[in-house]
Structure formats: C-alpha cells, structure tokens
Amino acid sequence: MEGDVHYGSLDAKQAQPYRGSIVINNEEEQFFPTLTVGRTMDFATRLNIPNALPKDVDDREDFRQKFKAFLLDSMGISHTEDTKVGDAFVRGVSGGERKRVSIIEALATRASVMCWDNSTRGLDASTALEYTRALRCMTDEMGIATIVTLYQAGNGIYDLFDKVLVLDEGKQIFYGSREQARPFMESLGFVCSDGANVADFLTGVTVPSERQIKPDFETRFPRNNVELHQIYQQSDIKVAMDRELEYPSTEEAKTNTRLFEEAVHLDKSPHLLKSSPMTVSFPQQVRACVKRQYQIIWGDKATFIIKQGSTLVQALIAGSLFYNAPDNSAGLFVKGGSIFLALLYNALMAMSEVTDSFAGRPILAKHKNFAFYNPAAFCIAQIAADVPILLLQVTPFLIVLYWMTALKATAAAFFTTWFVVYLVTFVMTAFFRMIGAAFPNFDAASKVSGFAVTALILYNGYQVSLNFPLISQDGANISRH
C-alpha cells in the first residue's frame, strides 16, 4: 500500500515527536502479571503528569491520585485495585477486568488520536456499550480522533459512530458516514430487515450464506468484494470522502495543529529535548521504573525467597564438598575449585534474564509507543534495582562457601573475593540481558546464551594444568612442561 498519513497539518515524520499523542490499544493485554491493578495504573499515571497543572490543582501527587481514581471509576474496576493483573499462570483479575485495565492504561496517555483494536473483547454487552459511550463523550468534549475495530457490535454501539469503514480481503468496499452505509448497500440489492444488526449486515454483504438479495436484483447485485469496490469507487460518497483529503492543507488544520503543539509543549517537562515525545523528565522516568522493578519482585516474592533459599542451600552443599581444604600445595586446586564454583553458580543464575527479557519485551514496546519512558530509563532502572538484589544473592553464598572452604582468613582477601564475584555476577546479568535484547526470537537467544556459558566454563582459566615430564629413551628426565 502507498500513500501519505497526516495528523492535522503534520506528516508522519513531523509527527514523530508527538507519538505519545497517537496511540493504539492492541487486542492482546500485555502486563506484568505480578503487579496489582493499582500499581499498574500508578506507573501509567506517574509518567503522564503534565508540567502545567490545572489552575485549581497545586500538588502533582494529588493530581495523579485523582486522575488514577477517575480512570479506575470510569471502567468500574476500583474494587480490583489491590488484585494482581495476572495471566495464564498467575491468578489475578478476570479476563474482562484485564481488558478494562488495558483500556484505562491507554486512556492514561491523554492522547489526541486513539486507535482501539477489538477493545470490547471479553466485555459483556452493557460494559461494551458504556465503554463506547465513554469514547463518544471523549471524542466530543476533548476533540479526540477515535478509530475503533469491533466484532459483533450491536446497534447501540454502531449508532455512536460518525463514519464506517468496511474492508473485505484488503478491498475498501465502503467508507463514509454511518447514515449513508445502510442505504448504500440496500441500493445495490442487499436486504437489511427491520431490527437487524446493521454492523453484521455490512460485513455480511460479501458472504453468500449471510446476505439476502431483493427479488429484482438477483442477476445484477455485486457478488464479491472486487465488484463492490468498483461500484463504491464510482459513487458520490467516494467523491465526498476524497474532498476531506484536502483538510491537512487548510488554514483550519494549520491553526489546530499549532494549538496542539503549544499544548503538548506546556505539558512536557522543561528538562526534556524539544524532539522528545515523553512527558516527564528522564530522572523521573528512571525513578518510576526502579519502583516498578521492586514492585514486580515483591509481587512474586515466593519466587524471590525460593531463589535466595536455594542459593544458601547450594552454598552449604558446596562448602561441605570443599570443607577445610588443606593449607598447603595439596589444597591449592581444591581452593581454586571453590572460587570457580562461586563464579560459575552466580553466572548460571543470571541465565534467567534471557527468559525475563523476552517476557518483558512486548510490554517495553507498548510503553515505548505510549511514550511513557525512554527504553534507556528502563535499562538503567534494571541495573539500579540489581544492586541490592545481587548483594542479597552473592553475600550469603560467598560467606558460607568462603569460610567453610577455609580460604585465606583476612579481611582483604575475603572482600577482594566478594568484590570480584559480585562484579562478575553483575556483568553476567547484564550480558544475558543483552543477549535477550539482541535477538528477534527466544530460540536464537537460548542457543547463544548456552554457547556463552560453555565458553565461560572452558576459557575462564580454571583447568587442570598440563604438567608432565618428558622422558628420553634411556629413561633420563630431560625437561618438564
């Protein structure tokens, strides 16, 4: 497909700094399942606090809390604030409630162009109608451009829209005002009985098992999407719609676009670059992401506790294996094995970051498109959150293993070992995150991460030394290697 996209008088390239005002809500709900609904919305609202607050509001946190409460109340899910979002493996809110969380997260962006991809899936009929009415009110009161794809939309929902676009296998068979859609199809010989679902009627005109034909049109009605497309292309409705394509070059569009740009500039933090689509400053983005990282861990604290407990158990087992290594040349290799195990075990624990990277990638992409934060803020937040977490992992493990093995009993030796193991664990965690981010699919990333661990084990310098005598034919020891 070829063509141009304009947002007011801006073309697609000029609109890049405003991508946070042009958002799409996908059909799939993508969340961190261990976060509660309230914390999910805390994060979304914290990154969308305008720099210029309304005149009757002085406190940014008060504005955020009221905005969050309004969003939760608008979809009737305030009672789920302390419930986990959940997914197929983590118990949380119901599918319909999760869809509503997805809706209000998109609404938190305060966007000007909003696209909704089958956003009523999982909602009951009354809730779907209330949601569509909310979109209608926002469109009217705030001047938002709202584009919605819906399946099985009832007449109550259908009647709320201004325009209708009907596609069939890539062919545009109708685009025009809602009032003209039914008469246009009926004029071609299709029957829409009284009380029938108009949306289903429009999507069924190219389906032989669904459409009904008027008696006088059996031989001349359009039988497929190609014929319907040709008839629409020649209609007066198409001509009228083509006239609207001139809007981006009008003075009205230029004036509205200028007002929009000024409003976005007022909302944006003065510490951001002019070309940045974000709302709050970079340090605020990092703080919000760090807080969310700890909330994710705390939401799945059972896994965290088990992980730390298993680390301690492994330290005790390894310590008993190398227990009281002799303080002479015979214990040299044993003590080297103890230190090698400390490095290897913590490096292997970091391999889970590959899986976590792929699990969080769709959410990162969604929030980037929402202009919640710069991906760099998320990466920095992960590193900052790792500092105490890895400290809790490495320190107990090394204290147990170091003193059970009876390594050099000085503070300098112990803390040197601790620092090296902590640093290697930190680096390996970042390394596996890099692998997770660098590859397009999990299969490729898992293969590379497995090879990387093999290379680490083989080439880290801890190997049985090649040390044997060379014997001449007469039995004399002539050299040693």
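Helices here are DSSP runs of at least four residues, numbered from the N terminus, and the model they are taken from is predicted.

**View 1. Phenylalanine 419 on helix H16.** Let us start at the surface. Helix H16 covers residues 411–438, and phenylalanine 419 lies in this helix. Together with Val420, Leu423 and Val427, Phe419 makes a nonpolar surface patch of about 350 Å². The relative accessible area of Phe419 is 46%, so this residue counts as partly exposed, a class that runs between 20% and 50%.

**View 2. The largest nonpolar core.** Now we turn to the interior. This core holds 64 residues, and those touching the most other members are Ile104, Met114, Trp116, Phe174, Met185, Phe190 and Leu202. Helix H3, residues 95–107, gives the most to the core, with 5 residues. In soluble globular proteins, nonpolar side chains tend to be buried together.

**View 3. The surroundings of methionine 185.** Leaving aside residues up to four places away in sequence, Met185 touches Ile173, Phe174, Phe190, Phe201, Leu202, Val205 and Leu228. A second core, separate from the largest one, has 16 residues, among them Ala318, Tyr345, Met349 and Leu390.

**View 4. Glycine 122 in its loop.** Strand S4 (113–117) and helix H4 (125–142) are linked by the loop in which Gly122 lies. With a relative accessible area of 56%, glycine 122 is exposed, because that class begins over 50%. Look for glycine 96 as well: Gly122 and Gly96 are 26 residues apart in sequence, while their C-alpha atoms are 4.7 Å apart in space.

Terms used:
Residues numbered from 1 in each chain as written. Predicted model: local features only at pLDDT ≥ 70, side-chain atom pairs only at ≥ 80, totals over all residues. Heavy atoms only, no water. Core = buried A, V, L, I, M, F, W, Y, C linked by side-chain atoms within 4.5 Å. Buried < 20%, exposed > 50% of the residue type's maximum accessible area, 1.4 Å probe, protein only. Helix = DSSP H or I, 4+ residues; strand = E, 2+ residues; numbered from the N terminus. Contact = heavy atoms within 4.5 Å. Patch = residues over 30% accessible without salt bridge, like charges linked within 9 Å, V, L, I, M, F, W, Y side chains within 5 Å. Areas by Shrake-Rupley, 256 points an atom, 1.4 Å probe, with all protein chains shown as cover. Salt bridge = Lys/Arg side-chain N within 4 Å of Asp/Glu carboxyl O.
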